[in-house]
Amino acid sequence: MLWLKRELVAQLYAQAESAAPRECCGVLLGKNRAEQLIAIPNCASSEDYFEFDSQAQLQLWRRLQAKGHNNQRIQAIYHSHVKAAAIPSQGDLAMARHAGLIGPEMHHLIICASPVYLARLRSFVILPQRSYEEAIQLF
């Protein structure tokens, strides 16, 4: 289950809508639950794919490894879908597995920027051979 700070939901929707027609992306940080949103620029030129800007990603990783960072860690990786439902695409699954961003403690939050879909915010766990949706608990 992903524990998500209630205030972040509006920020996630706003970022997804303002990034359209491209996908937005970033990470959610916290100690044991997602409490802080860190947007990372999407350097992909596609409307249906995201790729973290490598410089911004490296700066964030260094910041997280720095001594005294309040023991925060990445709780979730998030990105938006502009024209598709909030479920991981085959590309999303392949990218997560290739980058090693998988496992029961790594949440993948997808925001659907289109109001056509009812479930606009969903979280998934991606494992080596399968993925599954998990509950989101707001606090």
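Let's start on the outward side of helix H1. Ala 10 and Ser 18 are exposed there. This is a predicted model, so keep that in mind throughout. Now turn H1 over. Leu 8, Val 9, Leu 12, Gln 15 and Ala 16 are buried. Looking down the axis of H1, those buried residues fall within an arc of 135°, so they line one face of the helix. The general rule helps here. An α-helix has 3.6 residues a turn, so residues three or four places apart point the same way.

A quick check on the length of H1. The helix covers residues 6-19, which is 14 residues. At 1.5 Å a residue it should span 20 Å, and its end C-alpha atoms are 21 Å apart, which agrees.

What does H1 pack into? The largest nonpolar core has 16 residues. Leu 4, Leu 12, Leu 28, Tyr 78, Leu 109 and Leu 121 touch the most other members. Strand E1 (2-4), H1, strand E4 (73-81) and strand E5 (107-112) each supply at least two residues of this core. The largest share, four residues, comes from H1.

Take Leu 109 from that list. Leave aside its neighbours within four places in sequence. Its contacts then include Leu 2, Leu 4, Leu 12, Leu 28, Tyr 78, Leu 121 and Ile 136. It also reaches Ile 77, His 79, Arg 122 and Ser 123. There is a second, separate core too. That one has 14 residues, among them Ile 38, Phe 52, Met 95 and Met 106.

Next, the sheet. It is open, with six strands in the order E3-E2-E4-E5-E6-E7 and mixed pairing. Which are the edge strands? They are E3 (36-39) and E7 (131-134), and each pairs on one side only. Neighbouring strands are turned by 30° against each other on average, direction ignored.

Helix H2, residues 54-65, packs on this sheet. It touches E2, E3 and E4, and its direction makes about 5° with that of E2. Stay with E2, residues 25-30. Four bridges join E2 to E3, and the two run antiparallel. Within that pair, Gly 26 stands opposite Ala 39 in E3.

On to helix H3, residues 90-99. It lies across E4, E5, E6 (121-126) and E7, running at about 45° to E6. Which residues of H3 are buried? Asp 92, Leu 93, Met 95 and Ala 96. Seen down the axis of H3, they fall within an arc of 165°, so they line one face of the helix. What covers them includes E4, E5, E6 and E7. On the other side of H3, Gln 90 and His 98 are exposed. Just after the helix, Gly 100 takes a positive phi of about 75°.

Last stop, Pro 88. It sits in the loop between E4 and H3. Is Pro 88 buried or exposed? Its relative accessible area is 16%. The cut-off for buried is under 20%, so Pro 88 counts as buried. Who are its partners? Not counting residues up to four places away in sequence, Pro 88 touches Leu 93, Ile 110 and Phe 124. One of these, Leu 93, is among the buried residues of H3. Finally, a distance. Pro 88 and Arg 122 are 34 residues apart in sequence, and 9.6 Å apart in space, C-alpha to C-alpha. Arg 122 also came up earlier, in the contacts of Leu 109.

Terms used:
Residues are numbered from 1 along each chain as its sequence is written. This is a predicted model: local features need pLDDT of at least 70, side-chain atom pairs count only at pLDDT 80 or more; totals for chains, interfaces and linings use all residues. Side-chain values use heavy atoms; hydrogens and water are left out. The expected span of a helix is 1.5 Å times one less than its number of residues. Buried means under 20% relative accessible area, exposed over 50%, partly exposed in between (1.4 Å probe, protein chains only). The arc is that of the directions from the helix axis to the C-beta atoms. A nonpolar core is a set of buried Ala, Val, Leu, Ile, Met, Phe, Trp, Tyr and Cys residues joined through side-chain atoms within 4.5 Å. Contact means heavy atoms within 4.5 Å. Two strands pair if DSSP finds at least two bridges between them. Axes are lines fitted to C-alpha atoms, for helices over the stretch in contact, and angles run from 0 to 180 degrees between N-to-C directions.
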